[in-house]
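This report walks through a set of strands and two acidic residues, with attention to pairing, burial and contacts. The sequence and the coordinates are shown first, and the discussion follows them.

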Amino acid sequence: MKPVAIIFLALVFSQASAQLANQEIDQQVWLPFTKSLIEKNVEVFMNLHAEDVIRVEQDTKKILNYQQYKESMLIDWPKWQEYITKLNARHTFELRFTNRIENENSALHIGYYANHYTLPNGEKKSSFGMFHVVLRKYKGVWKIQMDTDTTLNGTIKEEEFLKASPIGY
């Protein structure tokens, strides 16, 4: 076989493998992540993380382990839900990706997230942030190994968010 054909086949196989990993990660992590965040379901959310996860909250300059992260969610998410209820708002959450790099057992996903709130009068409010996540495959299941995000002091705009690719690309 010619060297060019071998390189072409290797490239095609590599792209197909990355696309398959993306699909697995979307199904095993990002779709349940989004749903559990909207529903404020801490148990489901934390089950998407490795037991030795490293959570870095850049805006508050905190580094948390699994238990600290879970305890933080158990305190903060009911307050967040109370705020949403007080506004009588509908909350949605969305992820978009600027870079997704995978092999068979590890992945790095970089992108933006958006929290959207629709008020009873139809007014919409959104806030945006940037994330970097390292994922690993444990016994055939993808888990979040390291997660860090930041709002960059509110400087991320909707235009940047919309330029990134949605789940499933």
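## Strand pairing and two acidic residues

Strand 3 and strand 4, the latter covering residues 106-118, pair in the antiparallel sense over 12 bridges, in what is a predicted model. The connection from strand 3 to strand 4 is a hairpin that passes through 3 residues. Within this pairing, R90 has T118 of strand 4 as its bridge partner, while N99 is matched in strand 4 by I110.

Strand 4 also takes part in a second antiparallel arrangement, since 13 bridges join strand 4 to strand 5, which spans residues 124-138. Here too the two strands form a hairpin, this one with 5 residues between them, and G122 in the turn has a positive phi of about 90°. One bridge in this pairing sets L108 opposite V134 of strand 5. Strand 4 is mostly covered, with 11 of its 13 residues buried.

Strand 3 has a further antiparallel partner in strand 7 (residues 165-166), with 2 bridges between them, and F97 stands opposite S165 of strand 7. The three pairings are set out below.

| Strands paired | Sense | Bridges |
|---|---|---|
| Strand 3 and strand 4 | antiparallel | 12 bridges |
| Strand 4 and strand 5 | antiparallel | 13 bridges |
| Strand 3 and strand 7 | antiparallel | 2 bridges |

**E94 in strand 3**

E94 belongs to strand 3, which runs over residues 90-102. Is E94 buried or exposed, or does E94 fall in between? Its relative accessibility is 27%, and therefore E94 counts as partly exposed, because the buried class requires a value under 20% and the exposed class a value over 50%. Beyond residues up to four places away in sequence, E94 touches Y112, Y113, A114, H116 and F161. The side chain of E94 also makes a polar contact, at 3.4 Å, with the side chain of R96. In a regular strand, side chains alternate between the two faces of the sheet. As for separation along the chain, E94 and T34 lie 60 residues apart in sequence, yet their C-alpha atoms are 6.9 Å apart in space.

**D26 in helix 1**

D26 is located in helix 1, which comprises residues 3-39. With a relative accessibility of 5%, D26 counts as buried, because that class takes in values under 20%. When neighbours within four places in sequence are set aside, D26 is in contact with L31, P32, R100, I167 and G168.

Terms used
Residues numbered from 1 in each chain as written. Predicted model: local features only at pLDDT ≥ 70, side-chain atom pairs only at ≥ 80, totals over all residues. Heavy atoms only, no water. Helix = DSSP H or I, 4+ residues; strand = E, 2+ residues; numbered from the N terminus. Buried < 20%, exposed > 50% of the residue type's maximum accessible area, 1.4 Å probe, protein only. Contact = heavy atoms within 4.5 Å. Polar contact = N/O pair within 3.5 Å; in protein donor to acceptor, adjacent residues only side chain to side chain. Pairing = 2+ DSSP bridges.
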